[in-house]
Amino acid sequence: MAMIGFNAMFSLIFILVIGVFIVTFIKGIGQWSKNNASPRLTVEATVVAKRADVSHHHHENAGDTTGAHGYHTTTSTTYYVTFQVESGDRMELSVNGGEYGMLLEGDHGKLSFQGTRYLGFERI
């Protein structure tokens, strides 16, 4: 009887995890499509904030033949910059690490973007 309950619980969790992956994938495709349909805009803007989101992922070492059960960690960083446009509206866009390092709070210039996709920033 306990085995039936375990199998049912395992199946339910498996279905939920697969469902989360599918929903995340569909949302990503939807955002990509929406960005592609959006016009490319260039507006005057000021950099008002920067932040980095660091994620740590722990992985079990696969194929370890020494008998030791080790783990390794990978780290990924996503960089965000908040821009304020002339109307006072703010938008936070994801940028690559090189752009993040070159932009400083208070920088004023021309921001180019397409939907939620950062295209560039040129100081003026």
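Me: Buried means under 20% relative accessible area, and exposed means over 50%, with partly exposed in between. How many of the residues of β4 are buried?

Reply: This is a predicted model. In it, five of the seven residues of β4 are buried, so the strand is mostly covered.

Me: And for the protein as a whole, what percentage of the residues count as buried?

Reply: Of its 124 residues, 17% count as buried. The exposed surface of the protein is about 9100 Å², and 62% of that area is supplied by carbon and sulfur atoms.

Me: Let me step back. How many helices and strands are there?

Reply: The protein has two helices and five strands. Read from the N terminus, their order is α-β-β-β-α-β-β.

Me: What does the protein span along its principal axes?

Reply: The C-alpha trace spans about 70 × 35 × 20 Å. The radius of gyration is 22 Å, whereas a compact globule of 124 residues would be near 14 Å.

Me: What share of the contacts joins residues 24 or more positions apart?

Reply: Among contacts with a separation of 6 or more, 51% are between residues 24 or more positions apart.

Me: Back to the strands. In which sense do β1 and β4 pair?

Reply: Strand β1, residues 40–60, and strand β4, residues 108–114, pair in the antiparallel sense, with seven bridges. One bridge joins L41 to its partner F113 in β4.

Me: Which residue of β5 stands opposite F113?

Reply: That residue is Y118. Strand β5 covers residues 117–123 and pairs with β4 in the antiparallel sense over six bridges.

Me: How many residues lie between the strands in that hairpin?

Reply: There are two residues between β4 and β5, and G115 in this hairpin has a positive phi near 65 degrees.

Me: And β2, over how many bridges does it pair with β1?

Reply: Strand β2, residues 71–85, pairs with β1 over 15 bridges, again in the antiparallel sense. Within that pairing, H59 has H72 of β2 as its bridge partner.

Me: Where is H59 placed, and why does it count as partly exposed?

Reply: H59 belongs to strand β1. Its relative accessible area is 32%, and it is partly exposed because this value falls between the 20% and 50% limits. Its C-alpha atom is separated by 33 Å from that of N35, which is 24 residues away along the chain.

Me: What about D53, which residues is it in contact with?

Reply: Apart from neighbours within four places in sequence, D53 is in contact with S76, T77, T78 and Y80. D53 also has its place in strand β1, and at 33% relative accessibility it counts as partly exposed. Between D53 and Y80 the C-alpha distance is 7.9 Å, although they are 27 residues apart in sequence.

Me: How do side chains sit along a regular strand?

Reply: In general, the side chains of a regular strand alternate between the two faces of the sheet.

Me: Next, V85. Is that residue buried or exposed?

Reply: V85 is found in strand β2. It counts as buried because its relative accessibility is 13%, under the 20% limit. Leaving out residues up to four places away in sequence, V85 touches V43, E44, A45 and M91. V85 and Y100 are 15 residues apart in sequence, and their C-alpha atoms are 18 Å apart in space.

Me: Changing topic to the helix: where is L16 found?

Reply: L16 is found in helix α1, which runs over residues 2–37. L16 counts as exposed, since its 52% relative accessibility is over the 50% limit. From C-alpha to C-alpha, L16 and H57 are 20 Å apart in space, with their positions 41 residues apart in sequence as the separation.

Me: Last topic, charges. How many positive and negative side chains does the protein have?

Reply: The protein has 9 positive and 11 negative side chains. The centres of these two sets lie 7 Å apart.

How values were computed. Residues are numbered from 1 along each chain as its sequence is written. This is a predicted model: local features need pLDDT of at least 70, side-chain atom pairs count only at pLDDT 80 or more; totals for chains, interfaces and linings use all residues. Side-chain values use heavy atoms; hydrogens and water are left out. Helices (H or I, at least four residues) and strands (E, at least two) are DSSP runs, numbered from the N terminus. The radius of gyration is taken over C-alpha atoms; the globule rule is 2.2 Å times the number of residues to the power 0.38. Buried means under 20% relative accessible area, exposed over 50%, partly exposed in between (1.4 Å probe, protein chains only). Contact means heavy atoms within 4.5 Å. Accessible areas come from the Shrake-Rupley method with a 1.4 Å probe; for residues, only the protein chains shown count as cover. Lys and Arg count as positive and Asp and Glu as negative; His and the chain ends are not counted. The place of a charge is taken as NZ of Lys, CZ of Arg, CG of Asp or CD of Glu. Two strands pair if DSSP finds at least two bridges between them.
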